[in-house]
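Please open the structure in your viewer and keep the selection tool at hand. The stops below run from the whole chain down to a single residue, and each one says what to select next.

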Amino acid sequence: QQALEEYLDIVRAALEEGIIPRCHFEDVTRADFYGFVVPFAQELMKLSEESKIPVKIRVCDTMGYGVGYPGAMLPRSVPGIIYGLIHFAKVPSQNLEWHGHNDFYCAVSNATTAWLYGCSGANGTLLGIGERTGNTPIEALVIEYMSLRGDDSIDTTIITDIAEYFRKEIGHHIPPNQPLVGENFNVTLAGIHLDGLLKNE
């Protein structure tokens, strides 16, 4: 209760100055969802309604524990978290964003799941670079977005340009097996394929 009140005091101060607060719900995939997360979000929505200023919530899977499987248990359930915030805390979709880490290889699928369940935004970093095992790669989010929307208007060749910039200008080593940007992406090294090429190029 004390943590809640102190946080709300900061939000009130921001709202009094006309600032749109962006509240980070850190470690949400390890939190007491219905005991703390939802009541906290409900209080923030009350402040938003009183002030007529949107309060944004950044849902942070700080350790990458989230899973996107339907029926997964809270607090690890990405569908459950987003559904609960929208339907029980009354957070508008446009005020929700997902921030995932890739500790268990779920960053892309969790961000996509958050989108599918009503979260309007997903945070990402170029090439997935970030703390520990990294964040959701922006280039992967672009491909996911295109797949979900059937949108082929985006020029994805810029992804190659970004990778080249990171290699040449920053000196960043990109693992050869990294999807979309690694030098082995879309290259086959399997013997059966090489054998076929040798027989009939």
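What follows is a tour of a predicted model, taken stop by stop.

**The whole chain**

Begin with the C-alpha trace of the entire protein, which spans about 70 × 40 × 30 Å along its principal axes. Colour the trace by secondary structure, and seven helices and four strands can be picked out, arranged along the sequence in the pattern α-β-α-β-α-β-α-β-α-α-α. If you then colour by accessibility, buried residues make up 38% of the 201 residues. A contact map is a useful companion here, since among contacts with a separation of 6 or more, 63% are between residues 24 or more positions apart.

**The largest nonpolar core**

Next, select L44, I57, V59, I82, L85 and L96, which are the residues that touch the most other members within the 32 residues of the largest nonpolar core. To see where this core draws its residues from, add α1 (2–16), β1 (22–25), α2 (33–51), β2 (56–61), α3 (78–87), β3 (96–100) and α4 (107–116), each of which gives two or more residues. The largest share, eight residues, comes from α2.

Keep L96 selected and display its surroundings: leaving out residues up to four places away in sequence, L96 touches I57, V59, I82, L85, I86, V91, C119, S120 and G121. Away from this group, a second, separate core of six residues can be located by selecting L127, I159, F166 and V181, which are among its members.

**α1 against α2**

Now show α1 and α2 alone, and look at how their axes run. Their axes lie 11 Å apart and the helices pack at an angle of about 25 degrees; the two are therefore roughly parallel to each other. The crossing of α1 and α2 is right-handed. With side chains displayed, L4, Y7, L8, V11, R12 and L15 in α1 meet F36, F40, E43, L44, L47 and S51 in α2, and this contact consists of nine nonpolar, one polar and two charged residues.

**α2 against α3**

Leave α2 in view and replace α1 with α3. How are α2 and α3 set relative to each other? Their axes are 10 Å apart, with a packing angle of about 45 degrees, and the two helices are therefore oblique to each other. α2 passes α3 in a right-handed crossing. On the α2 side select F33, V37, V38 and A41, which meet G80, I81, G84 and L85 in α3; by class this contact has six nonpolar, two polar and no charged residues.

**α3 against α4**

Hide α2 and bring in α4 beside α3. Here the axes come within 9 Å and cross at roughly 30 degrees, and the crossing is again right-handed. Selecting V78, P79 and I82 in α3 brings up the residues that meet N110, T113 and A114 in α4, and the contact divides into four nonpolar, two polar and no charged residues.

**P39**

For the last stop, return to α2 and select P39, which is found in this helix. Is P39 buried or exposed? With a relative accessible area of 27%, P39 is partly exposed. Setting aside neighbours within four places in sequence, P39 is in contact with F33 and Y34. A distance label drawn from the C-alpha of P39 to that of L85 should read 9.7 Å, for two residues that are 46 residues apart in sequence.

Key
Residues are numbered from 1 along each chain as its sequence is written. This is a predicted model: local features need pLDDT of at least 70, side-chain atom pairs count only at pLDDT 80 or more; totals for chains, interfaces and linings use all residues. Side-chain values use heavy atoms; hydrogens and water are left out. A nonpolar core is a set of buried Ala, Val, Leu, Ile, Met, Phe, Trp, Tyr and Cys residues joined through side-chain atoms within 4.5 Å. Buried means under 20% relative accessible area, exposed over 50%, partly exposed in between (1.4 Å probe, protein chains only). Contact means heavy atoms within 4.5 Å. Axes are lines fitted to C-alpha atoms, for helices over the stretch in contact, and angles run from 0 to 180 degrees between N-to-C directions. Angles under 35 degrees count as roughly parallel, over 145 as roughly antiparallel, 65 to 115 as roughly perpendicular and the rest as oblique. A crossing is left-handed if the near helix is turned anticlockwise from the far one by less than a right angle, and right-handed if clockwise. Ala, Val, Leu, Ile, Met, Phe, Trp, Tyr, Cys and Pro count as nonpolar, Asp, Glu, Lys and Arg as charged, and the others, Gly among them, as polar.
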